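Hi,

Here is the structure I promised to pass on to you. Have a look at it first, and then read on for my notes.

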Amino acid sequence: MLYVVLFFLIFSLYLYVVLGGADYGAGIVELFSSEENQKITKKTIYRVMGPVWEANHIWIIILIVILWVAFPVYYNIMVVNLHIPLTIVLLGVTLRGVAFVFRHYDAVIDNSQKLYDTMFKISSLITPIFLGMVFGGLISGKIKVVDDVTTLTFYEAFVAPWFNVFSILIGLFFASLCAFLSSVLLIGESEKANIYIRKAGIATIIVFAIGLLTFVYGYSYDYIFVHDFIKNPYSITAMLFSGLLLIPLWITIKKGRRILSRFFAGLQVFLILLAALLAHFPGIILLDEGSVSILENIAPDSVIKVLGITLIIGGTVILPGLFHLLKSFKMIKILEQNNNPSI
């Protein structure tokens, strides 16, 4: 049953990276657009993501609950040593949600709309950067786990693990990956597809450049994760396949194959995530001395069994419900377009 729980943990992480990432990326794409294209993107985001954007956060909630119940040591390290970037992420999610709603439903049309637009775009950029920095903190090898935290300075305990060049580069990498995912999604949802084809190309270049810079920096400064990544044949193979997928991805984008282009983009993200997790599995959290194995210090078998059964039952309800939600709003959008071609 432990592997069932691990499956749902990784599955939830993947879905949040893909769906939540595309959600964040929409704001990033809007931020780095011309004034005219910002208006187009704003309307497209509202029409495409508006009905389901809140549903994307269910995956990170499931992820956190699984960590809290089944892997308390991992959860404790994250919420204690990385509480600062996690707090910023929560603030970013909150501000982004508030701005998204009020910029569409505020009854008073005045300069406050500009404030909401700015809040939405900036929080869409800041939130994924700090999410990436949280992951960077987990694999930076700078986390210090001691019996008495008072023996450490505040900086050593709560700042150094995530506030470093390596973690910042990972944060920028994730933000650019979000922009890439969103661009691919928006290609099939807008009449101005050329805008997002161009942005997908730019995002791809940025993802590659930041990823390469992260590895060069990590290797130069002897980060354990980077060295283990390079030595791991499974991680290297996954990354090579991810790179090769760029060919069919761009072919499907150019031909306007909406479903296939999204499939290849999602598969690329899966391979990148798989490569990162396999690099040092099961010791995903790297400390200044050693690592913490996710297969050790877990909850009792009785708790794992109940959690696994609950996740299986919940998955059979949530996944069909999510599919029905997406399908329902897709049909509503088609009907609206048929009734009003100008939408």
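**What turned up**

On the surface, Tyr3, Tyr234, Phe270, Leu274, Leu278, Phe281 and Leu295 come together as a nonpolar patch, and their accessible area adds up to about 700 Å². Helix H13 is the main contributor to this patch, with 3 residues. Another member, Tyr234, belongs to helix H11, which covers residues 233-244.

Before going further, please keep in mind that this is a predicted model. The average pLDDT of the chain is 86, and 92% of the residues reach at least 70. Helix by helix, H8 (residues 165-187) has the highest mean among the elements, at 93, while H14 (residues 301-339) has the lowest, at 74. I would keep that in view when you look at H14.

Next, the inside. The search for cavities of 30 Å³ or more gives 1, and its volume is about 40 Å³. Its lining is made up of Phe135, Ile139, Phe225, Ala276, Leu277, His280, Phe281 and Ile284. Two elements each give two or more residues to that lining: helix H6 (112-139) and helix H13 (258-278). What is the character of the lining, split into nonpolar, polar and charged residues? There are 7 nonpolar residues and 1 polar one, with no charged residue at all.

You may have noticed that Phe281 appears in the surface patch and also in the cavity lining. Phe281 has a further feature: the peptide bond that leads from it to Pro282 is cis, with omega near 5°. Pro282 itself sits in the loop that runs between H13 and strand S1 (285-286).

A second backbone feature is at Asp222, a residue other than glycine whose phi is positive, near 60°. Asp222 is placed in the loop between helix H9 (193-220) and helix H10 (224-231). As background for both of these spots, most residues other than glycine have a negative phi, and most peptide bonds are trans.

Finally, the charged pairs. Over the whole structure there are 4 salt bridges. One of them joins the side chains of Asp23 and Arg96, at 2.9 Å from N to O. Because Asp23 is part of helix H1 (residues 2-31) and Arg96 is part of helix H5 (residues 83-105), this pair ties together parts that lie 73 residues apart in sequence.

Happy to talk it through whenever suits you.

Best wishes

How values were computed: Residues are numbered from 1 along each chain as its sequence is written. This is a predicted model: local features need pLDDT of at least 70, side-chain atom pairs count only at pLDDT 80 or more; totals for chains, interfaces and linings use all residues. Side-chain values use heavy atoms; hydrogens and water are left out. On a 1 Å grid over the protein atoms alone, a cavity is a set of points where a 1.4 Å probe fits but cannot get out, and a pocket is an open set with protein on both sides within 12 Å along at least five of seven lines; lining residues have an atom within 4 Å of a point. Grid points are joined across faces, edges and corners, and a volume is the space filled by probe spheres set on the points. Helices (H or I, at least four residues) and strands (E, at least two) are DSSP runs, numbered from the N terminus. Ala, Val, Leu, Ile, Met, Phe, Trp, Tyr, Cys and Pro count as nonpolar, Asp, Glu, Lys and Arg as charged, and the others, Gly among them, as polar. pLDDT is the predictor's confidence in each residue, from 0 to 100. Patches are made of residues with over 30% relative accessible area and no salt bridge: like charges are joined within 9 Å, nonpolar side chains (Val, Leu, Ile, Met, Phe, Trp, Tyr) within 5 Å. Accessible areas come from the Shrake-Rupley method with a 1.4 Å probe; for residues, only the protein chains shown count as cover.
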